[in-house]
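This report looks at a core, at aromatic pairs and at a few selected residues. Please keep the sequence and the structure at hand while reading.

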Amino acid sequence: MRLSGLQKEVLALYRQCLRESRKKPESTRVHFQNFSRAEFDRNMAIDKRNFAAIEFLLRKGRRQLDTYAAPGIKDIR
């Protein structure tokens with residue numbers, strides 16, 4: 001099955017979130033991974049043809065990733 005451009009973007013963002021979580025302290029790394037998984041699971045039911053919602057969530061996810069990737073952020077709940 002071939003993936004659309006938006007599907008590839010979503011997967012790339014998810015992989016990037018997991019990569020960034022590996023840079024966090026080992027004691028809190030699982031919190032970042034669980035948060036990422038929960039956010040993607042929560043929005044999984046969105047229709048794949050709802051481009052406006054998906055693009056909005058991608059922008060929101062990238063902003064959150066930029067925030068949480070900052071070195072000063074040690075934990076997330």
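Is Tyr 68 buried or partly exposed? In this predicted model, Tyr 68 counts as partly exposed, because its relative accessibility is 28% and that class lies between the limits of 20% and 50%.

## Aromatic pairs

The structure holds two aromatic pairs. One of them is formed by Tyr 14 and Phe 40, whose rings meet edge-to-face with 4.9 Å from centre to centre and 70° between the planes. This pair links distant parts of the chain, since Tyr 14 belongs to helix H1 and Phe 40 to helix H2, 26 residues apart. Tyr 14 is buried, with a relative accessible area of 19%, a value that falls under the 20% limit for that class.

Phe 35 and Tyr 68 also form an edge-to-face pair, here with 5.6 Å centre to centre and 85° between the planes. Distant parts of the chain are again linked, with Phe 35 in helix H2 and Tyr 68 in helix H3, 33 residues apart.

## The nonpolar core

The largest nonpolar core has six residues, namely Leu 6, Leu 13, Cys 17, Ile 54, Leu 58 and Leu 65. The elements that contribute two or more residues to this core are helix H1, which spans 5–21, and helix H3, which spans 51–68.

Ile 54, one of the core residues, touches Leu 6, Val 10, Ile 46, Asp 47 and Lys 48 when residues up to four places away in sequence are not counted. Leu 6 is itself a member of the core.

## Ser 36 and Arg 37 in helix H2

Ser 36 has its place in helix H2 and is buried, with a relative accessible area of 9%. Leaving aside neighbours within four places in sequence, Ser 36 is in contact with Tyr 14 and Cys 17; Cys 17 belongs to the largest nonpolar core, while Tyr 14 is a partner in the aromatic pair with Phe 40.

Arg 37 lies in helix H2 as well, which covers residues 29–42, but Arg 37 is partly exposed, with a relative accessible area of 36%. Not counting residues up to four places away in sequence, Arg 37 touches Tyr 14 and Met 44, and the side chain of Arg 37 makes a polar contact of 2.8 Å with the side chain of Asp 41. Arg 37 and Arg 59 are 22 residues apart in sequence, and their C-alpha atoms are 17 Å apart in space.

Conventions
Residues numbered from 1 in each chain as written. Predicted model: local features only at pLDDT ≥ 70, side-chain atom pairs only at ≥ 80, totals over all residues. Heavy atoms only, no water. Core = buried A, V, L, I, M, F, W, Y, C linked by side-chain atoms within 4.5 Å. Buried < 20%, exposed > 50% of the residue type's maximum accessible area, 1.4 Å probe, protein only. Helix = DSSP H or I, 4+ residues; strand = E, 2+ residues; numbered from the N terminus. Contact = heavy atoms within 4.5 Å. Polar contact = N/O pair within 3.5 Å; in protein donor to acceptor, adjacent residues only side chain to side chain. Phe/Tyr/Trp six-rings, centres within 6.5 Å; stacked < 30°, edge-to-face > 60°.
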